[in-house]
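Open the model in your viewer and keep the sequence panel visible. The tour goes from one selection to the next and says what is there.

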Amino acid sequence: MGNNVNILLVDDNPADVELTRVNLEDAKLHINLDVVNDGAQALDFLYQQNEYANALRPDMILLDLNLPKVNGREVLAKIKSDKSLKRIPVVVLTSSEAESDIIESYESHANAYVTKPIGLESFANIVKSL
């Protein structure tokens with residue numbers, strides 16, 4: 001795997017962003033990580049709008065459910081209902097272990113669901129599996 005994997009991390013918690021970044025570096029995966037802090041920015045990034053006009057299309061999206069402006073559920077629904085975006089794997093990241101959130105995420109076609117804080121091994125396995 002010579003090519004870098006472009007990952008878009010959508011998370012408004014700086015500590016979680018840093019933890020994810022460290023985990024990715026430790027996992028020795030070739031990753032280019034872009035970070036946005038709310039759902040509105042995520043949609044701008046994916047549609048290459050406003051400040052993200054030159055954004056690279058991500059190979060995978062790590063999506064927190066609890067986001068300001070546009071929440072993660074709405075972002076997920078929008079991604080999966082869009083012909084040009086729906087093939088991008090979405091991993092839902094959340095601190096919620098509520099079964100309803102898990103079921104709802106999969107019903108919205110999330111590719112995986114991970115509870116924060118993410119363990120390094122499980123995270124690396126998910127990235128490799130996608």
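A residue is called buried when its relative accessible area is under 20%, exposed when it is over 50%, and partly exposed in between. Keep these cut-offs at hand for the stops below. The model on the screen is predicted.

**Stop 1: the whole chain**

Show the chain as a cartoon. The secondary structure comes to 5 helices and 5 strands. Followed from the N terminus, the elements run β-α-β-α-β-α-β-α-β-α. The chain has 130 residues, of which 48% count as buried. Consider also the contacts between residues at least 6 apart in sequence: 65% of them join residues at least 24 apart.

**Stop 2: the sheet**

Now select the strands. In which order do the 5 strands lie in the sheet? The order is β2-β1-β3-β4-β5, the sheet is open, and the pairing is parallel. β2 and β5 (112-115) are the edge strands, and each of them pairs on one side only. On average, neighbouring strands of this sheet are turned by 20° against each other, with direction ignored.

Two helices can be added to the view. Helix α1 packs on the sheet and touches β1, β2 and β3. The direction of α1 makes about 175° with that of β2. Helix α4 (residues 99-107) packs on the sheet as well, touching β4 (90-94) and β5. The direction of α4 makes about 150° with that of β5.

**Stop 3: strand β1**

Select residues 5-10, which form strand β1. Why is this strand described as largely enclosed by the rest of the structure? The reason is that 6 of its 6 residues are buried, and buried means under 20% relative accessible area. In a regular strand the side chains alternate between the two faces of the sheet. Show the side chains of β1 to follow this: Val-5, Ile-7 and Leu-9 point one way, while Asn-6, Leu-8 and Val-10 point the other way. Both sets are buried.

Next, look at the neighbours of β1. Strand β2 (residues 31-36) runs parallel to β1 and is joined to it by 6 bridges. Across this pairing, Val-5 stands opposite Ile-31, and Leu-9 stands opposite Val-35. Strand β3 (residues 60-64) also runs parallel to β1, and 4 bridges join the two. Here Val-10 is the residue of β1 to pick, as it stands opposite Leu-63 in β3.

Add helix α1 (residues 14-26) to the selection. Together with β1 and β2, this helix makes a right-handed β-α-β unit.

**Stop 4: helices α2 and α3**

Hide the strands and select residues 39-46, helix α2, and residues 72-80, helix α3. The two helices pack at an angle of about 20°, and their axes are 9 Å apart. An angle under 35 degrees counts as roughly parallel, so α2 is roughly parallel to α3. The crossing of α2 past α3 is right-handed. Which residues make the contact? On α2 they are Gly-39, Ala-42, Leu-43 and Leu-46, and on α3 they are Val-75, Lys-78 and Ile-79.

**Stop 5: Leu-85**

Move to Leu-85, in the loop between α3 and β4. Is Leu-85 buried or exposed? Its relative accessibility is 1%, so Leu-85 counts as buried. Show what lies around this residue. With its neighbours within four places in sequence left aside, Leu-85 is in contact with Leu-46, Tyr-47, Arg-57 and Ile-79. Tyr-47 is 38 residues away from Leu-85 along the chain, yet their C-alpha atoms are separated by 9.0 Å.

**Stop 6: two residues with positive phi**

Select Gln-48, in the loop between α2 and β3. Gln-48 has a positive phi of about 50°, although it is not a glycine. Its relative accessible area is 40%, so Gln-48 is partly exposed.

Finish with Lys-69, in the loop between β3 and α3. Lys-69 is not a glycine either, and its phi is positive, at about 70°. With a relative accessible area of 71%, Lys-69 is exposed.

Notes: Residues are numbered from 1 along each chain as its sequence is written. This is a predicted model: local features need pLDDT of at least 70, side-chain atom pairs count only at pLDDT 80 or more; totals for chains, interfaces and linings use all residues. Side-chain values use heavy atoms; hydrogens and water are left out. Buried means under 20% relative accessible area, exposed over 50%, partly exposed in between (1.4 Å probe, protein chains only). Two strands pair if DSSP finds at least two bridges between them. A crossover is right-handed if, with the strands pointing away from the viewer, the path from the first strand over the helix to the second runs clockwise. Axes are lines fitted to C-alpha atoms, for helices over the stretch in contact, and angles run from 0 to 180 degrees between N-to-C directions. Angles under 35 degrees count as roughly parallel, over 145 as roughly antiparallel, 65 to 115 as roughly perpendicular and the rest as oblique. A crossing is left-handed if the near helix is turned anticlockwise from the far one by less than a right angle, and right-handed if clockwise. Contact means heavy atoms within 4.5 Å.
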